[in-house]
Amino acid sequence: MSTGSLADFERLMRRAAIMDALSLAAEFFLNASPETWEKNVLMVLERIGEARGSDRVYACKNKETPEGKQVFLKYEWKKTGERQVNDGEKSKLQSYADLGLAEWAQLLSTGEVISRGVKSLRAEEKCWNVSETAQSLVLVPVFVGAEWWGYIGFESNVEGDEVLTKAEIDALKAVATTFGAAIRRKRMEEELKLEKESVEQKVMERTRELESAKRELQRTLTISREEKARLTASIHSLSLGFLMTDVYGEVLLFNHAVNDILSTMENAWTMQALMDKLGKIVDVQTRVRESVQKVQEIKVDDIQYLEKWIRLYLTPIKMMEEDGRVIGVVILLEDVTEAKRLQQTRDEFFAVASHELRTPLTAIKGNSMLLRRLVPQIDEQTESREIITDIETSTDRLTSMVNEYLDVSRLEMNKVTVSVEIIKAVELVSTVMRDLEVKAREKKLAWELQLPDGTDLAVKADRGRMEQVLINLLGNAIKYTDQGGVYVKVVKAKGVVKICIYDTGEGITPEDQGALFQKFKRVGDRVYARDMASGSGMGLYISRLLAEAMGGKVYLEKSEAGKGSGFVLELPEG
Ligand code: ADP
């Protein structure tokens, strides 16, 4: 075996040993945790150093700084047993350029392996990080991905060790590659750890945010629950029946009073149940729709249900703060049986009392007339004559008042039957005017009837009732006019005949106009400060009811205080 081949054999063996150490190194790196990393790196350097028969193995790490690329000794193993790990403190950092190692940096950064005999080194190259005993050195660059990380250095105290075969170079490069890959893996692990920490941090933050949002929600929920409880309690304490529906009429809420008023035990009121009870009398479903569509309140009066009288109010629920859209309807049910009964009793009492009054009144009137006839002296004495006249006029007034009250109560109870016939309006108006003419003349008032063109106009009316209304309207015109006169005209309009009565009297102020035609309604002083000696104040109210009973109406056409008024009786054309 030649020397050459012996050397070859040794080299081969050395390579095999390196590869062995390398596979071990790979395993070390793979299992290294952040805590064991440095220990493992040193162990790997030792293994490879031993495998190569090196006296010193180290790893130098680059650091990019504003002053340029710098380098420091990071890991070191010596055959003598020394080892050290440094970090990149300022004191240990030196730039390649300052050290005069620019050429090395250039070679290593492009992936070249540097192997030199120490003797052949330049002075500067010998100065930095070369042991005094070293005879040869081999520097292998380490890359982490594409980045030049630094290099691993092998020192031997034997001269000539710097001469490497390609296989040996490849083996050393493989060591550097493994080292680079391990660093990369470590970095990634660290990044991953950081990322994990930041993710955990974010998760924690989100969890906190979520929890606070949840608490907020819980609070709002509690508030709205309390609000709901308060609302429900108030609704249930109402004596009115309460139902709330959505826009389609679906019942969302109701109170116990609904059961009381409709005398039923429903566990859950529905529109269907409501319609079953009231549908024949009032179409609640349609009314709800109407209230929603027209956005208006609806009142349904006089619902006769079983033994009761019920009143219904529908109110749309508007979203005031928002766009004003309607979200449902509140239905209130009021039991008005008591009120209705009271009213009926009062009306009946009124009717009976008025009726009963007429008999004694007739007796007084008859007796006073008899007295006059039987005792002629009464008329001869001024005092006794005045007394008897006073009795008679008071009785007359009382009788007419009683008659008016009787009329009113009968009309209100729908007990008045009107017998409608075809009547010649002008002819009837003329007759009434003729009867009243004396009164007008007494006050020196003009008294005129303006005739329509052509023939008389026919109306459908009850003769007696029509006369009654005209007497009242014409009587008022005379009563409230002191100068000028009363002008009447009969005109035809669409399907109706209008009898218009104009006067040049005191007129009625706009405020008082609203109280006309109403019973017991106190608006202005003027209307109620009327002449109680000559009127009951029921005239216009009765006129209105009578006209309506005949299918017509009475209304104030115009009036101006101090200038006069115009009242109209309108009746269907005959
Ligand atoms: P009264 O018996 O008091 O006349 P009415 O019901 O007939 O009762 O009229 C009510 C009130 O309306 C009167 O008191 C009067 O103040 C007013 N009024 C009615 N007709 C006229 C009129 N032609 N001119 C002015 N005021 C009138």
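**Figure 1. Pairing of strands β14 and β16 in the predicted model.** Gln450 faces Lys489 of β16 across the pairing. The two strands concerned, β14 (residues 446-450) and β16 (residues 485-493), run parallel and are joined by five bridges. As with every view here, the coordinates come from a predicted model.

**Figure 2. The hairpin of β16 and β17.** On the antiparallel side, β16 pairs with strand β17 (residues 496-503) through eight bridges. One of the facing pairs is Val486 with Asp503 in β17. Two residues lie between the strands of this hairpin, in which Gly495 has a positive phi near 70°. In a regular strand, side chains point to the two faces of the sheet in alternation.

**Figure 3. The largest nonpolar core, centred on the contacts of Leu474.** This core has 46 residues, and the members that touch the most others are Met466, Leu470, Leu474 and Leu569. Helix α13 (residues 425-442) supplies the largest share of the core, eight residues. Leaving aside residues up to four places away in sequence, Leu474 is in contact with Val432, Met433, Leu436, Trp447, Val486, Val488 and Ile501. Among these contacts of Leu474 is Val486, the residue that stands opposite Asp503 in the pairing with β17. A second core lies apart from this one and has 33 residues, including Leu45, Ala51, Val113 and Val175.

**Figure 4. Strand β1 and its two neighbours, β2 and β7.** Of the ten residues in β1 (residues 56-65), seven are buried, so the strand is mostly covered, where buried means under 20% relative accessible area. Strand β2 (residues 68-78) runs antiparallel to β1 and is joined to β1 by ten bridges. Asn62 has Val71 of β2 as its bridge partner. The connection from β1 to β2 is a hairpin of two residues. Strand β7 (residues 147-156) also pairs with β1 in the antiparallel sense, over six bridges. In that pairing, Arg56 is set opposite Glu155 of β7.

**Figure 5. The largest cavity.** Two cavities of 30 Å³ or more are present in the structure, and the largest has a volume of about 60 Å³. Its lining consists of Phe29, Ala32, Ser33, Pro34, Trp37, Ala182, Arg185, Lys186, Glu189 and Glu190. Helix α6 (residues 166-236) gives the largest share of this lining, five residues. By class, the lining of the largest cavity has five nonpolar, one polar and four charged residues. Empty space of this kind is found by rolling a probe the size of a water molecule over the atoms.

**Figure 6. The second largest cavity.** This cavity holds about 40 Å³ of space. Leu22, Ala25, Phe29, Val44, Leu45, Ile48, Ile152, Val175, Thr178 and Phe179 form the lining of the second largest cavity. At least two lining residues come from each of α1 (3-31), α2 (37-52) and α6. The lining of the second largest cavity divides into nine nonpolar residues, one polar residue and no charged residues. Phe29 appears in this lining and also in that of the largest cavity. Leu45 and Val175, which line the second largest cavity, are among the members of the core of 33 residues.

Terms used: Residues are numbered from 1 along each chain as its sequence is written. This is a predicted model: local features need pLDDT of at least 70, side-chain atom pairs count only at pLDDT 80 or more; totals for chains, interfaces and linings use all residues. Side-chain values use heavy atoms; hydrogens and water are left out. Buried means under 20% relative accessible area, exposed over 50%, partly exposed in between (1.4 Å probe, protein chains only). Helices (H or I, at least four residues) and strands (E, at least two) are DSSP runs, numbered from the N terminus. Two strands pair if DSSP finds at least two bridges between them. On a 1 Å grid over the protein atoms alone, a cavity is a set of points where a 1.4 Å probe fits but cannot get out, and a pocket is an open set with protein on both sides within 12 Å along at least five of seven lines; lining residues have an atom within 4 Å of a point. Grid points are joined across faces, edges and corners, and a volume is the space filled by probe spheres set on the points. Ala, Val, Leu, Ile, Met, Phe, Trp, Tyr, Cys and Pro count as nonpolar, Asp, Glu, Lys and Arg as charged, and the others, Gly among them, as polar. A nonpolar core is a set of buried Ala, Val, Leu, Ile, Met, Phe, Trp, Tyr and Cys residues joined through side-chain atoms within 4.5 Å. Contact means heavy atoms within 4.5 Å.
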